[in-house]
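I opened this entry to record what I looked up about strand pairing. The coordinates under study are shown below.

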Amino acid sequence: MNDPLEHTVETPGVETRPRQRFELEDTGFDEVPPRFRKFYRRWRGPGDTLGPNEVICPVCKVVIRSTRELRPGDRVYCMPCMSRLVIVRGEDGRLEARVAY
C-alpha cells in the first residue's frame with residue numbers, strides 16, 4: 001500500500017529563509033476540543049484575507065492556522081472534517097490545500 005503523503009510536492013526555487021513564527025489567539029472556534037481551537041477559525045467570506053500561516057480546507061471551508069509560515073509541500077490536518085491536506089501554490093500565487101486523504 002502506498003502512502004500518498006510520502007510523495008511530497010517538489011517545488012522549484014524552494015525558499016531557504018527561516019519561517020516566520022506566529023502567536024495564535026483563541027478565535028472562538030468551538031467545533032474542536034478547547035486546546036486545538038486556536039488552530040482554526042471560520043472563513044468570513046470574500047472580504048476575509050488569509051495570512052501566510054493560514055489556508056482554507058477545501059472540504060469544510062474552515063481556515064486552518066499554524067504557528068509557522070506555511071509553504072508548498074507542508075502537510076496540515078483539518079480536525080473538523082478529519083482530512084489530511086498538502087499545501088500547494090495555486091495558479092494565482094496563493095497557497096491552497098489539496099486533499100491527500
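I count two strands as paired if DSSP finds at least two bridges between them. The model is predicted.

Entry 1, the sheet with β1. I checked β1 against strand β3 (residues 62–65) and found antiparallel pairing over 3 bridges. I then looked up Arg-42, whose bridge partner in β3 is Val-62. I noted that the open sheet has 3 strands in the order β1-β3-β2, paired antiparallel. β1 (40–42) and β2 (54–56) are at the edges with a single partner strand each, so each has one side without a neighbour in the sheet. For this sheet I recorded a twist that averages 30 degrees from one strand to the next.

Entry 2, the sheet with β4. I read the order β4-β5-β6 for an open sheet of 3 strands with antiparallel pairing. Here β4 and β6 (95–99) are the edge strands; each has a single partner strand, so one side of each lacks a neighbour in the sheet. The twist averages 40 degrees from one strand to the next.

Entry 3, the pairs of β5. I found 4 bridges between β4 and strand β5 (residues 83–89), which run antiparallel. Ser-83 in β5 is the bridge partner of Cys-78. The two strands β4 and β5 form a hairpin with 4 residues between them, and Met-82 in the turn has a positive phi of about 60 degrees. With β6, β5 pairs in the antiparallel sense over 5 bridges, and Arg-89 stands opposite Leu-95 in β6.

Entry 4, the faces of β4. Which side chains of β4 are buried? I found that Val-76 and Cys-78 point to one face and are buried, whereas Arg-75 and Tyr-77 point to the other and are not.

Conventions: Residues are numbered from 1 along each chain as its sequence is written. This is a predicted model: local features need pLDDT of at least 70, side-chain atom pairs count only at pLDDT 80 or more; totals for chains, interfaces and linings use all residues. Side-chain values use heavy atoms; hydrogens and water are left out. Buried means under 20% relative accessible area, exposed over 50%, partly exposed in between (1.4 Å probe, protein chains only). Axes are lines fitted to C-alpha atoms, for helices over the stretch in contact, and angles run from 0 to 180 degrees between N-to-C directions.
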